[in-house]
Amino acid sequence: MTEKTPCIICVAITGSLPTKADNPAVPISIAEQVESTHAAYEAGASIAHCHVRDDEGKPTSDVVRFSRLMEGIQTHCPGMIVQLSTGGRSGAGKARGGMLTLRPPMASLSVGSNNFPTRVYENPPDLVDWLASEMKTYGVKPEIEAFDLSHIYKAKQMVDAGEIGARPYVQFVMGVKNAMPADKRVFDFYVETVKHLFGEDTPWCAAGIGRHQLELNDWAAAAGGHLRTGLEDNIRLDKSTLAPSNAALVELAVNAAQRYGRPIATPTQARKILGLRSG
Ligand SMILES: [Zn+2]
């Protein structure tokens, strides 16, 4: 009997939107972020998806803050993969990619535009190309954020053009208001499309927003994908209970993986699956 693929759990600790007023467990300062990530790491997370906030708690792309956070995580969570966000809420244009010079092992890369709950999530082709070329220059593996089917095809175009590596790590994001809903038929088609375009054994992951987080954990664990959780995407354990920590959400993701017989990937295994440099 073959062992099932270890399941990588990514914890999105902070994001751009949630505040302490929404849930006091959302880590905002660098010290809180490192502490929250450490507990999530102990609970089984091997990737930390990171945003930083300024002194007022607003999203920023400040390179010094990113550098301090990355250093804190690398010190307190040995081997954990730091993934910095180049997402659009924290800065406009090229400011979104300033932190890539820090050479994190991974960074998020949105490759197309779509609507968000109250605005357009703008990712024009020239900016996408520039972010991808910076990632290439600094040896950063992109995680392709697919908010829409067209974004998966855009990743294929980028692979063919040599802008990104041949086995891109695509993350399906479902359940954002005004973007793609959490629809199982679409999810199944996403999985099929990734396998068709990039090969049967190409790793992929999925994120569900808000109340869809657990649902997407479940679907991805069952289908052989990797999981994302964390307070960035969802601040609740259930309708009436706030999540007490990022670690508590990681525990739910671990349970989902275990329900399908998936061992939890260690950081070393995660690096191997993703084709990352070690350490
Ligand atoms: Zn993010």
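## Reading a helix pair and a zinc site

Helix α1 (residues 30-43) packs with helix α2 (residues 63-76) at an angle of about 35°, their axes 9 Å apart. Keep in mind that this is a predicted model.

Q: In which hand does α1 pass α2?
A: Look at how one helix is turned relative to the other. Here α1 passes α2 in a right-handed crossing.

Q: And which residues make the contact?
A: List the residues on each side. From α1 you get Ile30, Gln33, Val34, Thr37, His38 and Tyr41. From α2 come Arg65, Arg68, Leu69, Gly72, Ile73 and His76. Sorted by class, the contact of α1 with α2 has five nonpolar, five polar and two charged residues.

Q: Now the metal. What coordinates the zinc ion?
A: Find the donor atoms. For the zinc ion they are NE2 of His49, NE2 of His51 and two OE atoms of Glu232, at 2.0 to 2.7 Å.

Q: How are those donor residues spaced in sequence?
A: The pattern reads H-x1-H-x180-E. That links distant parts of the chain: His49 sits in strand β2 (residues 47-50), while Glu232, 183 residues apart from His49, lies in the loop between β12 (226-229) and β13 (236-238).

Q: Is the site of the zinc ion regular or irregular?
A: Check the angles among the donors. They run from 53 to 130° among the four donor atoms, and the site is irregular. A tetrahedral site would need all angles between 85 and 135 degrees.

Q: Are His49 and Glu232 buried or partly exposed?
A: Compare the relative accessible area with the cut-off: buried means under 20%. His49 has 3%, so His49 is buried. Glu232 has 21%, so Glu232 counts as partly exposed.

Key. Residues are numbered from 1 along each chain as its sequence is written. This is a predicted model: local features need pLDDT of at least 70, side-chain atom pairs count only at pLDDT 80 or more; totals for chains, interfaces and linings use all residues. Side-chain values use heavy atoms; hydrogens and water are left out. Donors are N, O and S atoms within 2.8 Å of the metal (3.2 Å for Na, K and Ca); water is not among the atoms, so sites may look incomplete. Four donors count as tetrahedral if all angles lie between 85 and 135 degrees; four count as square planar and six as octahedral if opposite donors are over 155 degrees apart and all others between 65 and 115; anything else is irregular. Helices (H or I, at least four residues) and strands (E, at least two) are DSSP runs, numbered from the N terminus. Buried means under 20% relative accessible area, exposed over 50%, partly exposed in between (1.4 Å probe, protein chains only). Axes are lines fitted to C-alpha atoms, for helices over the stretch in contact, and angles run from 0 to 180 degrees between N-to-C directions. A crossing is left-handed if the near helix is turned anticlockwise from the far one by less than a right angle, and right-handed if clockwise. Contact means heavy atoms within 4.5 Å. Ala, Val, Leu, Ile, Met, Phe, Trp, Tyr, Cys and Pro count as nonpolar, Asp, Glu, Lys and Arg as charged, and the others, Gly among them, as polar.
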